Amino acid sequence: PLSSAALGQGERMVYPDDIVRLRDHSQPGVVGRVCCVESENEGECHVYWLQPTDYDRMERIDDLEVVDRALLHSDTVRELAGSLRCGLVLASDIHVNLREIFSGTEHTHVNTRQLRHLQPFRTGTFVVQDGWLGRVDTWLDDLVIRFSDGAKCKVYSANVQTLLPTVHAANTPYFPAMAVRATDDSVFAAAEWIMGGPVEGRLEGVVETVETGETTVIWTAQCDAQASNDAPDEVCNPATLHPLNSFAHTWWNLMDQGLYRPEGASEARMVELVGMSTTVDVIWEDGTTTPAVPARDLVLHDPGPHSFFPNELVRRKQEGNPAEDTNRPLGVVAMADGLSRMVTVNWIEHGPACEGGGDG
């Protein structure tokens, strides 16, 4: 999720995960992803540029232009220009430019619903197990490695400290067909051999398959009344986890790798995301809806305690015993006016307390 804090002059706001380019066009065609916005050095941010060299550096926010912004369902946003209305994101639609990793062939304006993730999880993915809701914290990769002589082995809990990609692949997970090199013979000696066996000095191979291994989950809430009061173990077998992935098509960012099935292709292609364009449907405070708003034209908005949006459930404020709250009627916000701080509410009939219902 994006941070609600942004730095910059006027309306030049930059957030983590924004896609940016230099305003002076000194790097034509080159875009980058904002990693983080510095709180100590106000006015600077850390950017990963999509280029082979000098790709990781600090930049002045005033030197950057936002070309795309990652906005998610239920984010609260504000217009950058015009009426400066506030609203809620109802849906996100993302189109991307892709480059095939092995052939270099490019594909443009591909909907992310046509892509498949290399991993079933991302950090922060919500999962359910045994009636408990949690968020994935970390996981390990189990790899099947193929060697030039046909031998195969399975390396459990692989990591880049002992099994390195043979080419530069910053922030890239293991993926099928990636060439890797072990730091020493002990890495493959400790593996489970499927075909053949370890050979002294044979350190290089190719990833054939990637499986999710041991997964760590932070459990946050019991979501089933019949579930145990004790949360499951934090370290889990991924096969026991059910990911809540209805919004998986929004889990993409610049430089991510994935699988794409071009129309007419016999098999999926390994691709890297080299460009993004996000539009969102927004419902505004006044109840109107605007489809396909470019995400770069919106900024995240931190609503105050008296901000209301259409379809929110509300009750009238009342002093006294909190136990009596259930006797007060529920209402649904129809529209709100941030300037006058007035809202139109459709009250739901609930016994004698709201007989007749109506708007208020």
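Which residue in β21 is the bridge partner of T279? I looked this up before anything else, and the partner is P294. A caution for these notes: the model is predicted.

**Entry 1: the chain overall**

I started with the counts. The chain has one helix and 26 strands. It holds 360 residues, and 40% of them count as buried. I then checked the accessible surface. The chain exposes about 19800 Å². Carbon and sulfur atoms supply 49% of that area. I also looked at how far contacts reach along the sequence. Taking contacts between residues at least 6 apart, 52% join residues at least 24 apart.

**Entry 2: strand β20 and its partners**

I went back to β20, which covers residues 269-284. Twelve of its 16 residues are buried, so the strand is largely enclosed by the rest of the structure. The cut-off I applied for buried is under 20% relative accessible area.

Next I listed pairings of β20. Strand β7, residues 86-100, is joined to β20 by 13 bridges, and the two run antiparallel. Within this pairing, S92 has V280 of β20 as its bridge partner. Strand β19, residues 257-260, is also antiparallel to β20, with four bridges. There, Y260 is partnered with R269 of β20. Strand β21, residues 289-294, is joined to β20 by four bridges, again antiparallel. The T279 and P294 bridge belongs here.

I looked at the turn between β20 and β21. The two strands form a hairpin with four residues between them. G287 sits in that turn and has a positive phi of about 90 degrees.

**Entry 3: strand β10**

Which residues of β10 lie on its covered face, and which on its uncovered one? V127 and Q129 are on the covered face. F126 and V128 are on the uncovered one. The alternation fits a rule I keep in mind: in a regular strand, side chains alternate between the two faces of the sheet.

β10 spans residues 126-129. I found four bridges from β10 to β11, residues 132-146, in an antiparallel arrangement. I found two bridges from β10 to β18, residues 242-243, also antiparallel. V128 takes part in both pairings. Its partner in β11 is L133. Its partner in β18 is H242.

The β10 and β11 hairpin has two residues between the strands. In this hairpin, D130 takes a positive phi near 50 degrees.

**Entry 4: serines with positive phi**

Most residues other than glycine have a negative phi. I therefore noted two serines that go against this: S74 has a positive phi of about 80 degrees, and S157 has one of about 55 degrees, with the usual sign being negative for most non-glycine residues.

I compared their settings. S74 is in the loop between β5 and β6, the latter being residues 76-79. S157 is in strand β12, residues 152-158. S74 is partly exposed, with a relative accessible area of 48%. S157 is partly exposed too, at 33%.

**Entry 5: L72**

L72 is also in the loop between β5 and β6. Is L72 buried, exposed or partly exposed? It is partly exposed, with a relative accessible area of 33%. I set aside neighbours within four places in sequence and listed its contacts: V89, S92 and T250. S92 came up earlier as the bridge partner of V280. I also checked A295, which is 223 residues from L72 along the chain. The C-alpha atoms of L72 and A295 are separated by 9.9 Å.

**Entry 6: the five-stranded sheet**

I traced an open sheet of five strands in the order β4-β3-β2-β1-β5, with antiparallel pairing. Its edge strands are β4, residues 56-60, and β5, residues 64-68. Each of these pairs on one side only. Neighbouring strands of the sheet are turned by 45 degrees against each other on average, direction ignored.

I then looked at the β1 and β5 pairing. Strand β1 covers residues 19-22, and four bridges join it to β5. In β5, D68 is the bridge partner of I19.

**Entry 7: a nonpolar patch**

Which residues make the nonpolar surface patch of about 260 Å²? They are L313, L330 and I348. I looked closer at I348. It is in the loop between β25, residues 342-347, and β26, residues 358-359. I348 is partly exposed, with a relative accessible area of 39%.

Definitions and conventions. Residues are numbered from 1 along each chain as its sequence is written. This is a predicted model: local features need pLDDT of at least 70, side-chain atom pairs count only at pLDDT 80 or more; totals for chains, interfaces and linings use all residues. Side-chain values use heavy atoms; hydrogens and water are left out. Patches are made of residues with over 30% relative accessible area and no salt bridge: like charges are joined within 9 Å, nonpolar side chains (Val, Leu, Ile, Met, Phe, Trp, Tyr) within 5 Å. Accessible areas come from the Shrake-Rupley method with a 1.4 Å probe; for residues, only the protein chains shown count as cover. A salt bridge is a side-chain nitrogen of Lys or Arg within 4 Å of a carboxyl oxygen of Asp or Glu. Buried means under 20% relative accessible area, exposed over 50%, partly exposed in between (1.4 Å probe, protein chains only). Two strands pair if DSSP finds at least two bridges between them. Axes are lines fitted to C-alpha atoms, for helices over the stretch in contact, and angles run from 0 to 180 degrees between N-to-C directions. Contact means heavy atoms within 4.5 Å.
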